[in-house]
Amino acid sequence: MGRPGLNRRQLITGLGGAAVAGSFGFAALGSGADALASSAATRVRYWNLFSGGDGYNMIAMLDAFRKANPGIEVKDSTLQWGSPYYTKLAMAAAGSRAPDLSVMHLGRVPGFAPGRLLDPWNMELLAKYGIRQQDFDPALWKRAVVDGRLYALPLDIHAQLSFYRRDVLKKAGLLGDDGRIVPITSTEEWFDALKAARKVTRKGLQTVGIHANDQNFAWWFFVAFYAQLGGRYFDAAMKDVVFDEDRATEVLEFLRKHVTDGYATAGAADGEQFMNGSPFVWEGNWSVPVYSTAKIEYGATPLPPVFGRQATHAESHSFVLPHQADRGGATNEAAHRLAAYVVKNALAWAAGGHIPAYTPTLGSAAYRKLTPQNEYVSAMTHQATEPKAWFAGSTGTLAARIGPVVAASSLGSAKPAAAAHRMKNVLEQLLAMKNPMDGRTAAQGGAA
């Protein structure tokens, strides 16, 4: 299974993360776990999956928390991103070995059998440390609620973006007077822009990187453009599939055209090509530290609204409380305090590319000065997300089953209409399946 962006965590992101943390007055001091306060009265065991550039930002924030709260010892552990992380977390929660606090993609929360493998947040404790529902985007908060209880505390959203080279687009006549890419509102305008950019692109470089043979990216981009067309997957009760094959085919044909018309090269090192002069690349906002460190002239916008409606794929890193039979007391309160602190003091985290979930930070003057973040901040208001079901979420069953179908269509090994029909069949199968965590179907699972 492919990892996000530039092998997500491998290409000079450490340098970018360290630079970002330093620019906000934090010091990235080793692993974080090495900076434990041995005299602390309370210990919080915290698991996360931030093993790259954003990990440096998290370490800096944890160290700031330790300094501000010397009575709390934070023992943080960074685990491998993706399925290995979720497998280990599920086993720990089921086997009474769960950490006190952990990070989870918001889309994975329904699959973790809230009430069984996850404990709900104590709203009084969150309020004590300054967390209020009104300080979060309503749609984002709603996704964190299952059976009327809050099971996830959003830290950010991370959105799929269209990165562009200002130096190349200037030659192609695609920059406005403000130095940003001209508005693009249709598929015709988008391919016209690619055609113009290709004319001024160095030989040997693709025009746009779309990670065509990566199943995760293939699925994420489909989710975005299908949402632009107003497409749905299931009815509100999660009992029937309402997937629109015609709209899906339209999206698949659009994605496929990038490859068949020679704008994107399957298997290309998309991020590296962008840094070497390729005009465009589509990938997540976590690549901001990479490109900023490379010191290239670039900008970033949400994925272009080529079907007339703003929507870009987004997921959310959130804090969760893995189930503990004896959860409570000082340790549980410290976990609430730590999560609230990070969420409320996430400017350094946002500087690494993520869009802060906490709206006072999102609307602050300091955040609005960040570039290119201030160019794609609107993604918070038009998130295209996976359906709220146990099989959805980052690297979940839905992506694993449908992502390869989308990629096959883009690469030419399946016709778009046939791929759309196959996608609908997969959705029907998943809707009938039971969550292995609690034995319930999506229709029987919790709802907001």
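The following exercises, each with a worked solution, concern the predicted model shown above.

Residues are numbered from 1 along each chain as its sequence is written. Because the model is predicted, local features need pLDDT of at least 70 and side-chain atom pairs count only at pLDDT 80 or more, while totals for chains, interfaces and linings use all residues; side-chain values use heavy atoms, with hydrogens and water left out.

**Exercise 1. Strand S13**

Determine how far strand S13 (residues 317-322) is enclosed, and identify strands that pair with it.

Solution.

Step 1. Strands (E, at least two residues) and helices (H or I, at least four) are DSSP runs, numbered from the N terminus. A residue is buried under 20% relative accessible area, exposed over 50%, and partly exposed in between (1.4 Å probe, protein chains only).

Step 2. In S13, 6 of the 6 residues are buried, so the strand is largely enclosed by the rest of the structure.

Step 3. His317, Phe319 and Leu321 point one way from S13, whereas Ser318, Val320 and Pro322 point the other way.

Step 4. Two strands pair if DSSP finds at least two bridges between them. Strand S3 (residues 101-105) is antiparallel to S13, with 4 bridges, and Met104 has Ser318 as its bridge partner. Strand S4 (residues 118-119) is also antiparallel to S13, with 2 bridges; here Leu118 is matched with Pro322. Strand S7 (residues 153-154) pairs with S13 in the antiparallel sense over 2 bridges, and the bridge partner of Pro154 is Ser318.

**Exercise 2. Helix H3**

Compare the expected span of helix H3 (residues 83-94) with the distance between its end C-alpha atoms, then locate its buried side.

Solution.

Step 1. The expected span is 1.5 Å times one less than the number of residues. For the 12 residues of H3 this gives 16 Å, and the end C-alpha atoms are 16 Å apart, which agrees.

Step 2. The buried residues of H3 are Tyr85, Tyr86, Leu89, Ala90, Ala92 and Ala93. They cover an arc of only 165° around the axis, which puts them on the same side of H3; the arc is that of the directions from the helix axis to the C-beta atoms.

Step 3. Met91 and Ala94 are exposed, on the face turned away from the buried side.

Step 4. The buried residues of H3 pack against strand S1 (42-48), S3 and S13.

**Exercise 3. Strand S8**

State whether the residues of strand S8 (residues 156-165) are buried or exposed, and describe its pairing.

Solution.

Step 1. In S8, 10 of the 10 residues are buried, so the strand is largely enclosed by the rest of the structure.

Step 2. Asp156, His158, Gln160, Ser162 and Tyr164 point one way, and Ile157, Ala159, Leu161, Phe163 and Arg165 the other way.

Step 3. S8 runs antiparallel to S10, with 5 bridges, and Ser162 is opposite Trp282. Pairing with S11 is likewise antiparallel, over 5 bridges; Leu161 stands opposite Pro302 there. Strand S12 (residues 312-315) and S8 pair in the antiparallel sense over 2 bridges, with Ala314 as the partner of Ala159. Strand S14 (residues 355-356) and S8 also form an antiparallel pair with 2 bridges, in which Asp156 is matched with Pro356.

**Exercise 4. Backbone angles**

Find where Asp147, Lys295 and Pro372 lie, and state the backbone feature of each.

Solution.

Step 1. Most residues other than glycine have a negative phi, and most peptide bonds are trans.

Step 2. Asp147 has a positive phi of about 50° although it is not a glycine. Asp147 lies in the loop between strand S5 (145-146) and strand S6 (149-150).

Step 3. Lys295 has a positive phi near 55° and is placed in the loop between H11 and strand S11 (298-302). Its relative accessible area is 73%, so Lys295 is exposed.

Step 4. The peptide bond from Thr371 to Pro372 is cis, with omega near 5°. Pro372 is in the loop between helix H15 (365-368) and helix H16 (373-376).

**Exercise 5. A buried residue**

Establish where Asn435 is placed and which residues it contacts.

Solution.

Step 1. Asn435 lies in the segment after helix H18 (416-432).

Step 2. Asn435 counts as buried because its relative accessibility is 3%.

Step 3. Contact means heavy atoms within 4.5 Å. Leaving aside neighbours within four places in sequence, Asn435 is in contact with Pro110, Gly111, Ala113, Trp390 and Arg440.
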